[in-house]
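Let's take a walk through this structure together, strand by strand and then out into the loops. Keep the 3D view open as you read.

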Amino acid sequence: MQTFHETTCDAVVIGAGHAGAEAALALARTGLQTVVLTLNLDSIGFMPCNPSVGGTAKGHLVREIDALGGEMGVCADKCALQYRMLNEGKGAAVQSLRAQVDKNRYHTEMKRVFEHTPNLHILQGEAAEILVEEGKVAGVRTAYGGVIVCRAVVVATGVYLGARTITGTHVREAGPNGFERATLLTQNLLALGFRVRRFKTGTPARLDGRTVDFSALAAQPGEETYPFSFLNGGVPAVSRQTPCHLAYTNGETHRLILDNLDRAPLYNGEINSAGPRYCPSIETKVVRFADKSRHQLFLEPEGADTTEIYVQGLSTSLPHDLQKQVYRSVKGLEHCELVRYAYAIEYDCIDSLDLLPTLEYKRVEGLYTAGQINGTSGYEEAAAQGLIAGLNASLKLRGRPPLVLRRDQAYIGVLIDDLVTKGTDEPYRMMTSRAEFRLVLRQDNADARLTEIGYAAGLVSEERYRKYLERKAKKEATMSALGLRAEQKTANALVVKYGQPPLTAGVTYADLIRRGIPLKEIREAFGVLGDVPRDIAESCETEIKYAGYLKRSEEEIAQMKKMEDTPLPADLDYGALAGLRLEAREKLARIRPLNLGQAARISGVSPADIAVLMVYLSMTR
């Protein structure tokens, strides 16, 4: 093929989904000339699956992305149809914000942001080869023969690489939603030494909302909570939010599936790749949880200007005729019309153990990967990686130290550490249970944990940083106000109301919180702190209520940090270390952890192996 010089820039981002968007914006906003290469400009920020942002642990990621200077939370707030706080009845550590968003508007808004970002050039085309010279990135060649000369590349191909969609016996060589797939880059990744494997995910059908009997379904209205972005002050009133609806499968639904498993690609051998454990198809749920008489479904609007309805919980790859029967077996959907049928999709991804904690490829300097190519699932996980990969590429090109978030600093740190230290054999999903210090990593304090870091890296804007300082001052003032003495009579009435003995001495508002009285009730009873934003108030309440647990977490974090601050030599010959078990030698030699802390988290490395490493380090100092 005849090649030609397309352009010269600092960095190229391959892919413009959620990972690619954050990577490209992180690079451009830190002053680097960036080209984002996408198969189709209509897929910028496209949401191929659920029309929502956030959710359990994912809401934490979005707020962390926002605190670091990313775009996902800002865009989601602009396009939100409904907000809900998940797990509100549980502790603050596991509460997670979720929003239904207008899918088309989200894409349009993200594309608009791209088009008005200085230093960012959008190019429609397919990446065919990453050019490498002397172990360093030198450029990207497109399928048309154009050569983009650059010093860094972020690969964020999502589920498009080698994609094929499966519905019954019908298999299409295509990406999600009928978009063109990418076919050329996989062989290049293999040639560069990446270990490539196949993963699978899927999506439900979309229904014509005019054919759904919503009167037979339970409505799920929105809530007045706080937004994703720390730049925004609030969310629309509940009356202005769009409701979702609940539905359930039943015995007939399950019978239809079980009687036709021979037609299900997941069970007849058509699909053999690993799928997401925590977001299974309806076929998998019916087989795996045979004792359950029904499964909950969420009917979610795809947008404000469309009648399309997304059926969360009814993902399938069954043939079209059977899909129609399955959907119509659900109460409220008896006469539904399917406007887009469900499908499964297989795609190429890499082994994330080939990456450094910066998301840079170990074998090629300046080559980063982010998102589903790293084996994750979900928009939020992808966006988080994209921001870190793009920011690290920027820091490297600017001659500055890399950014590696620790597990005690952010869910993003947990996510990336899991990927590069433990790896994954199935699409990885972030969950609160993966974080050891989740009481510290709450969504209400994401700015306190990360905005200073983003500002120092050059990604957080002056406006965002000013708002952070204002919030910080507001929180400090709130904590001071909670230390003031409460009016005795009202305080005593609250204490008695909560089944406690009458007060014998004066108390502060903070003392009442320690006694288990909700801050919301304290604010109402005493008429105080009415101007304090909800997330700041909740943050103060949590820190007072769980002060003892937080102090213990700080002590555990300090111990862990000692391990993280003990580096391991990059050229250490693990095979020559007497005392290491064979499995530990193999795992350590393959992953090459940067420090003792990372080594201790590798599956197959025991405390005894870590003791051997500690002895070795003490002898070589």
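How many bridges join strand E14 (residues 196–208) to E20? The answer is eight, and the two strands run antiparallel. Before going further, please note that this is a predicted model, in which local features need pLDDT of at least 70 and side-chain atom pairs count only at pLDDT 80 or more, while totals for chains, interfaces and linings use all residues. Residues are numbered from 1 along each chain as its sequence is written, and side-chain values use heavy atoms, with hydrogens and water left out.

A few terms will help here. Helices (H or I, at least four residues) and strands (E, at least two) are DSSP runs, numbered from the N terminus. Two strands count as paired if DSSP finds at least two bridges between them. In general, strands of a sheet pair through backbone hydrogen bonds, either parallel or antiparallel.

Let's stay with strand E20, which spans residues 343–350. Its other partner to look at is strand E12 (residues 164–167), joined to E20 by three bridges and also antiparallel to E20. Isoleucine 345 is a good residue to click on: threonine 165 stands opposite isoleucine 345, and isoleucine 345 is the bridge partner of threonine 201 as well. Buried means under 20% relative accessible area, exposed over 50%, and partly exposed in between (1.4 Å probe, protein chains only). By that measure, eight of the eight residues of E20 are buried. In a regular strand the side chains alternate between the two faces of the sheet. For E20 both faces are covered, with Tyr343, Ile345, Tyr347 and Cys349 buried on one side and Ala344, Glu346, Asp348 and Ile350 buried on the other.

Strand E16 (residues 244–248) is mostly covered too, with four of its five residues buried. E16 pairs with strand E15 (residues 218–220) in the antiparallel sense over three bridges, and here glutamine 220 stands opposite cysteine 244. Strand E17 (residues 296–301) is joined to E16 by four bridges, again antiparallel, with tyrosine 248 opposite glutamine 296.

Now for two open sheets. One has four strands in the order E1-E10-E9-E8, with mixed pairing. Strand E1 (4–8) and strand E8 (127–133) stand at the edges with a single partner strand each, so one side of each has no neighbour in the sheet. Neighbouring strands of this sheet are turned by 30° against each other on average, direction ignored; the axes are lines fitted to C-alpha atoms, for helices over the stretch in contact, and angles run from 0 to 180 degrees between N-to-C directions. Inside this sheet, strand E9 (residues 136–142) and strand E10 (residues 146–149) run antiparallel and are joined by three bridges; valine 140 has isoleucine 148 in E10 as its bridge partner.

The other open sheet has three strands in the order E4-E6-E5, with antiparallel pairing. Strand E4 (52–54) and strand E5 (80–86) are its edge strands, each pairing on one side only. Here the twist averages 20° from one strand to the next. E4 pairs with strand E6 (residues 96–101) over three bridges in the antiparallel sense, and serine 52 stands opposite glutamine 100.

Which residues does leucine 27 touch, leaving aside its neighbours within four places in sequence? Leucine 27 lies in helix H1 (residues 18–29) and is buried, with a relative accessible area of 0%. Its contacts (heavy atoms within 4.5 Å) are Ala11, Val13, Leu32, Thr34, Val154, Gly390, Ala393 and Ser394. Serine 394 is 367 residues away from leucine 27 in sequence, yet their C-alpha atoms are 5.5 Å apart.

Finally, let's check some backbone angles. Most residues other than glycine have a negative phi, and most peptide bonds are trans. Leucine 529, however, has a positive phi near 60°. Leucine 529 sits in the loop between helix H15 (519–526) and helix H16 (534–545), and is buried at 16% relative accessible area. Arginine 592 also has a positive phi, of about 50°. Its place is in the loop between helix H18 (582–591) and helix H19 (596–600), where arginine 592 counts as partly exposed at 28% relative accessibility.
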